[in-house]
Amino acid sequence: MNDKDASKFTCNKCGGHELTVTHIWNIQAGNASEKWQEWGPLNDNHYWQYEFKEKVEEHAEDEVQRGDFGEFEADDSVSEPEEHEIYEEERDRENDDFLVNCGNCEREIEFGWSQPYRHGLIFPVEFSDFDFLESWPDPKYVDVWQQRGWFRTGHIQP
Ligand SMILES: [Zn+2]
């Protein structure tokens, strides 16, 4: 019982105490784009460990492109292809995505980082020791945090 009481996270939906961190990123190899994800548990000390890794299947890609009107014009206007840039191996970390979910019911948990540009430790909002003054929101939560007045001027990089 003491262990449960000491948990920093208790899901308000399922009562679970486990959190899962998922990291999603794209790899550009020639003209092909591969999507990968890795995930693992987030501990009470804000550290996490990826225990699983897999390639994400993107089966709906054709349909998405067909229905995506307005994108076709860009193809005609490309006068100077810069193919050499496509093969650049270094990934742009800014396009990566991070998710925190309840490890039991998979409910999305809002979170911030201990340092800007998504560096440092992960601070889930629902951790009992969460302090927004010490946290930089993950990019997808910037608007929400702004509405709450949860960050100071200069706290967030554009
Ligand atoms: Zn849950």
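Two strands are taken to pair if DSSP finds at least two bridges between them. In this predicted model, β5 and β6 meet that condition with four bridges, running in the antiparallel sense. Within this pair, F111 stands opposite P124 of β6. The two strands also make a hairpin, with three residues between them; in the turn, Y117 has a positive phi of about 60°.

On to the rest of the sheet. β5 is joined to β7 as well, through two bridges and again in antiparallel fashion, and here G112 faces P137 of β7. The result is an open sheet of three strands in the order β6-β5-β7. Strands of a sheet pair through backbone hydrogen bonds, either parallel or antiparallel; in this sheet the pairing is antiparallel. β6 and β7 (136-137) occupy the edges with a single partner strand each, so one side of each has no neighbour in the sheet. As for β5, four of its five residues are buried, so this strand is largely enclosed by the rest of the structure.

The sheet leads naturally to the nonpolar interior. The largest nonpolar core holds 19 residues, and those touching the most other members are F9, L19, V100, F111, I122 and F130. At least two core residues come from each of β1 (19-29), β4 (97-102), β5 (111-115) and β6 (119-124), with β4 giving the largest share, three residues. V100 offers a handy view of the surroundings: leaving aside residues up to four places away in sequence, its contacts are L19, T20, V21, R107, E108, I109, F111 and I122. F111 thus appears both among these contacts and opposite P124 in the hairpin pair.

A zinc ion completes the picture. Its protein donors are the SG atoms of C11, C14, C102 and C105, lying 2.3 Å from the ion. The angles among the four donor atoms span 102 to 115°, and the site is tetrahedral. For comparison, the ideal angle for four tetrahedral donors is 109.5 degrees. Along the sequence, the donor residues follow the spacing C-x2-C-x87-C-x2-C. C11 sits in the loop between α1 (2-6) and β1, while C105 belongs to the loop between β4 and β5, so this pair ties together parts of the chain that are 94 residues apart in sequence.

How buried or exposed are C11 and C105? C11 has 4% relative accessibility and counts as buried, because the cut-off for that class is under 20%. C105, at 23% relative accessibility, counts as partly exposed.

Conventions:
Residues are numbered from 1 along each chain as its sequence is written. This is a predicted model: local features need pLDDT of at least 70, side-chain atom pairs count only at pLDDT 80 or more; totals for chains, interfaces and linings use all residues. Side-chain values use heavy atoms; hydrogens and water are left out. A nonpolar core is a set of buried Ala, Val, Leu, Ile, Met, Phe, Trp, Tyr and Cys residues joined through side-chain atoms within 4.5 Å. Buried means under 20% relative accessible area, exposed over 50%, partly exposed in between (1.4 Å probe, protein chains only). Contact means heavy atoms within 4.5 Å. Donors are N, O and S atoms within 2.8 Å of the metal (3.2 Å for Na, K and Ca); water is not among the atoms, so sites may look incomplete. Four donors count as tetrahedral if all angles lie between 85 and 135 degrees; four count as square planar and six as octahedral if opposite donors are over 155 degrees apart and all others between 65 and 115; anything else is irregular.
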